[in-house]
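Visitor: I have a model open in front of me and would like to learn how to read its features. Could you take me through them one at a time?

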Amino acid sequence: MILGRYQLLVAVARGGMGQVWLARLRGARGFSKLVAIKTLLPNQQDLARLEGMLAEEARLASLIQHANVVHTMELGEHEGMLYLVMEWVDGEPLGFLLDRAKERGGMPLGIAVALVSQVLAGLHAAHELSDETGPFGVVHRDVSPHNILVTYDGVAKLLDFGIAKATQQTSSNTDTGEIKGKFSYMSPEQILGNDVDRRCDVFAAGIVLYLMATGRHPFKHHNTAAVIHAITTDEPVAPPSALLEDFPAELERVLLKALEKDVEKRWSSAEEMRLALEQAMPEAFGDASRAELRAFMERTVGDRKLARREAVRRAQVTADGHDVDTGARQALQASAQSASSLRAISISQPAPEDVAELIVSEAVSNTQMAPTPPKRRAKAPWIAATLGVLFALGATLPRVLTPSPATKAAAAPVGVEAGSPLPSAAAPARLPAPVAAALPATATPTLEPTAVTEAPASPKHDAPSAAARKPAAPPPAKAARTPVKAASAKPKPSGNDDLLAPDYAR
């Protein structure tokens, strides 16, 4: 399936209102680039509102340029369908990484701190976004393991910016599952519908770090109502040291401050919390930590990396095979329907009128398809009309060139015997090469005397008979009048002259 400039390869994720695809951008000389494309699911009841949310997400996310934020490339529209193009992240969602790490002994504390610190750096870049009019006040509102991707090289990337679904669409999206599970990562002020700022995202990042460091959600309960109650009440969070012995005290202090339910007691920014983490656990930062993070990813999801990359390769091979299969049929269809493809069609002994029609069509299509100077374009109708006259003349020549003997005798001018060559003054002009090639084998480029009818030198001597005065066939000029009108008319478009039209994309 083609969507704008992109070829959709395979669906990789599906949510309550949208779907994410692995897609490919094809360029000149074999250029190819993998991207991720988000589309809205069809048959949405509130499609206009969802399209507005997608457009707002694209507007904000495209302005954030940071290594820890998934880059947004463009917002496109194809046949009325909006789609958001993002960079393709060669990695795994943090939620899957946590499940896999739990199966294999858990996530080291230093790895958890390193990944969350990267998320905080991406958040701070979004929070600080501004232009000449001032700060944008961007708040993610949906920081969770579902919206954090980790590359196989150990780089955490945050995605899904600018969607206000958690605060504005709770009642309408709960039934469809859009908000299901997301209350677990909301701040108290967000759940209560109060004004939110960047500290709302700091609270969510604290929940993610608590889960990664301890293996347990700080507000875990059996139903959504209990989770909401645990977050919005004044009851403090259980300290990590109550779950894990020897939990670093300084790290616990940073974490509990991030989870303060009173927004004024929380870290004031994501960058402030990140710096506090760096001071509390400096061994989680630096080159050695990055190498350890890459090794952890290899141990935990190394097999998954190979399988995922192989799946991507097969998806591209399948798409290439589909291009080959459908490309030949589309090329044949295009060559048959496109006006410019007449150059590549081999014509075997067509009738003269057919040749005239093809060449006139070619002349007109050339003026349409190829850019020409204004003067040359102005002459194109005259050239087409002239060619039409010539070929109409060619169509009548077989009938004119083979008259009966009686007609030859009657039409012979005074002083000239039938069948004798004309004087040099009356010799016809040489036919153009295309016209001569279009004539049947019986035709000859040398005109018989009947092709020219001369008046007698004197009406008193040897007056021609009535048969001689009445020509056997209409004069060429009169016979050519009808084809001239047809030749000057613009041929109807084929309907698929533009090979980049949406029909070709299908």
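Guide: Let us begin with a pair of strands in this predicted model: β5 and strand β6, the latter covering residues 81-87, run antiparallel to each other and are joined over six bridges. Within that pairing, H78 stands opposite M81 of β6.

Visitor: In what order do the strands of the sheet lie, and which strands are at its edges?

Guide: Reading across the open sheet, the six strands follow the order β1-β2-β3-β4-β6-β5, with antiparallel pairing. The edge strands are β1 (2-3) and β5 (72-78), each of which pairs on one side only.

Visitor: How should I read a salt bridge, and what does the one between R5 and E74 tie together?

Guide: The general idea is to look for a side-chain nitrogen of Lys or Arg within 4 Å of a carboxyl oxygen of Asp or Glu, and the structure holds 24 such salt bridges. In one of them, R5 and E74 bring their closest N and O atoms to 2.9 Å. R5 belongs to the loop between β1 and β2 (6-14), whereas E74 belongs to strand β5, so the bridge ties together parts that are 69 residues apart in sequence.

Visitor: Are R5 and E74 buried or exposed?

Guide: R5 has a relative accessible area of 53%, and because exposed means over 50%, it counts as exposed. E74, with a relative accessible area of 25%, is partly exposed.

Visitor: Which partners does the side chain of K38 have?

Guide: K38, which is found in strand β4 (residues 32-40), forms a salt bridge with E57, the closest N and O atoms being 3.2 Å apart. This pair links distant parts of the chain, since E57 sits in helix α1 (residues 47-61) and K38 in strand β4, 19 residues apart. The side chain of K38 also makes a polar contact, at 2.6 Å, with the side chain of D160. Both E57 and K38 are buried, and for K38 the relative accessibility is 8%.

Visitor: Where do the two residues of the bridge between E250 and R253 lie?

Guide: Both lie in helix α9 (residues 249-258), three residues apart, which is about one turn of the helix. Their side chains meet at 2.8 Å, N to O. E250 is partly exposed, with a relative accessible area of 36%, and R253, at 41% relative accessibility, is partly exposed too. Salt bridges can also form a network, and here one links R100, E103, R104 and D303.

Visitor: How many aromatic pairs does the structure hold, and how are their rings arranged?

Guide: The structure holds two aromatic pairs. Y6 and Y83 are edge-to-face, with 6.2 Å from centre to centre and 75 degrees between the planes. That pair joins strand β2, which holds Y6, to strand β6, which holds Y83, across 77 residues, and both tyrosines are buried. F203 and F219, by contrast, are stacked, with 6.0 Å between centres and 15 degrees between the planes. F203 lies in helix α7 (residues 198-214) and F219 in the loop between α7 and α8 (224-232), 16 residues apart. F203 is buried at 0% relative accessible area, and F219 is buried at 3%.

Visitor: What pLDDT does the chain average, and where is it below 50?

Guide: The average over the chain is 72, and 60% of the residues score at least 70. Over residues 164-181 the pLDDT is below 50, although beyond near neighbours in sequence this stretch has 27 contacts in the model. Residues 407-432 likewise have a pLDDT below 50, with 22 contacts beyond near neighbours in sequence.

Technical notes: Residues numbered from 1 in each chain as written. Predicted model: local features only at pLDDT ≥ 70, side-chain atom pairs only at ≥ 80, totals over all residues. Heavy atoms only, no water. Helix = DSSP H or I, 4+ residues; strand = E, 2+ residues; numbered from the N terminus. Buried < 20%, exposed > 50% of the residue type's maximum accessible area, 1.4 Å probe, protein only. Polar contact = N/O pair within 3.5 Å; in protein donor to acceptor, adjacent residues only side chain to side chain. pLDDT = per-residue confidence, 0-100. Contact = heavy atoms within 4.5 Å. Pairing = 2+ DSSP bridges. Phe/Tyr/Trp six-rings, centres within 6.5 Å; stacked < 30°, edge-to-face > 60°.
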